[in-house]
Amino acid sequence: MSRREELLAFADTVKGFMPRNEGLALHRLALEHASAAGATWLEVGAWCGKSAVYLGAAAESVNAVLYSLDHHHGSEENQEGWEHFDDSLIDSVDGRLNTLPTWQRTIADARLEATVLGLVGPSLVVAAHFAQPLEILFIDGGHGAEVAWADFAAWTPKVVSGGLLMIHDVFEDPAEGGRPPFEIYLAALESGRFVDVASEGSLRVLRRVG
Ligand code: SAH
Ligand code: MG
């Protein structure tokens, strides 16, 4: 098994909400797109590191770096009483959800510690202090309207011309899921700054133009 195959097989074992076909598309499109060695990629929404392994496996082979950003306390739908709650991720000290130890274990087991770098904190605070242009931006953070729109406003201007914007959990049919990821996807297209490149399941991939 090649290193890349090994990582893709490992990604299947990581906890998370990324179906295999979408993870493989994330990986393949990042790899196909990658040009400049030393490029900077960033994902908003790390959870336990599953998408970070799919993207990190691509980053490693092209000498890019992936920042994996999360405050690690989960989104609304991850909290107790909601659909995606997992009580094994509760920190017994303060009773809050904490995915950081699991994320760290994932990245260590994948041997991606020099490729996938954690950024721990609220997305908007990090964005306000993050000046590095991005070759790839993957938005998969909070899916509430306020958070999703704030991520759109704060992060998409950092994508370089020719760079990729990937958005997860885009559902055209409201019966399948929440609206905000779909709405920011439409806003990206309507802005004239992005064009459609590919899609797989709920993953949408756009390219920055101009
Ligand atoms: N991309 C991951 C899944 C991310 S789940 C994967 O496919 O494996 C969404 C994550 O966004 C959660 O871990 C949650 O903690 C994080 N999140 C939500 N709102 C955030 C915010 N404002 N700042 C930082 N992280 C946030
Ligand atoms: Mg998602």
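In this predicted model, the donor residues of the magnesium ion (ligand 2) follow the sequence spacing D-x27-H-D. The ion is coordinated by Asp-140 through OD, listed twice, by His-168 through ND1 and by Asp-169 through OD, at 2.2 to 2.7 Å. Asp-140 belongs to the loop between strand S4 (134-139) and helix H6 (145-155), and Asp-169 to the loop between strand S5 (159-167) and helix H7 (180-190), so the pair ties together parts that are 29 residues apart in sequence.

Both aspartates can be placed by their relative accessibility, with buried meaning under 20%. Asp-140 has 18% and therefore counts as buried. Asp-169, with a relative accessible area of 16%, is buried.

| Residue | Relative accessible area | Class |
|---|---|---|
| Asp-140 | 18% | buried |
| Asp-169 | 16% | buried |

The strands named above are part of a sheet. Seven strands make up this open sheet, in the order S3-S2-S1-S4-S5-S7-S6, and their pairing is mixed. Strand S3 (116-120) and strand S6 (194-200) stand at the edges; each has a single partner strand, so one side of each is left without a neighbour in the sheet. From one strand to the next, the twist averages 20 degrees.

One pairing in the sheet joins strand S1 (residues 40-44) to strand S2 (residues 65-70), in the parallel sense and over five bridges. Within this pair, Thr-40 of the chain stands opposite Val-65 in S2.

Helices pack on the sheet as well. Helix H3 (residues 50-61) touches S1, S2, S3 and S4, and its direction makes about 175 degrees with that of S1. H6 lies across S1, S2, S4 and S5, and runs at about 175 degrees to S4. The loop that holds Asp-140 lies between S4 and H6.

H6 also takes part in the largest pocket, which has a volume of about 950 Å³. The pocket is lined by 45 residues, and the closest to its centre are Ser-75, Glu-77, Gly-141, Gly-142 and His-143. Which elements each supply at least two residues of the lining? They are H3, S2, helix H5 (123-128), H6 and H7. Of these, H6 gives the largest share, three residues.

Taken together, H6 appears in several places: it follows the loop with Asp-140, it lies across S1, S2, S4 and S5, and it supplies three residues of the pocket lining.

Notes:
Residues are numbered from 1 along each chain as its sequence is written. Chains are lettered from A and ligands numbered from 1 in the order in which they are written. This is a predicted model: local features need pLDDT of at least 70, side-chain atom pairs count only at pLDDT 80 or more; totals for chains, interfaces and linings use all residues. Side-chain values use heavy atoms; hydrogens and water are left out. Donors are N, O and S atoms within 2.8 Å of the metal (3.2 Å for Na, K and Ca); water is not among the atoms, so sites may look incomplete. Helices (H or I, at least four residues) and strands (E, at least two) are DSSP runs, numbered from the N terminus. Buried means under 20% relative accessible area, exposed over 50%, partly exposed in between (1.4 Å probe, protein chains only). Two strands pair if DSSP finds at least two bridges between them. Axes are lines fitted to C-alpha atoms, for helices over the stretch in contact, and angles run from 0 to 180 degrees between N-to-C directions. Contact means heavy atoms within 4.5 Å. On a 1 Å grid over the protein atoms alone, a cavity is a set of points where a 1.4 Å probe fits but cannot get out, and a pocket is an open set with protein on both sides within 12 Å along at least five of seven lines; lining residues have an atom within 4 Å of a point. Grid points are joined across faces, edges and corners, and a volume is the space filled by probe spheres set on the points.
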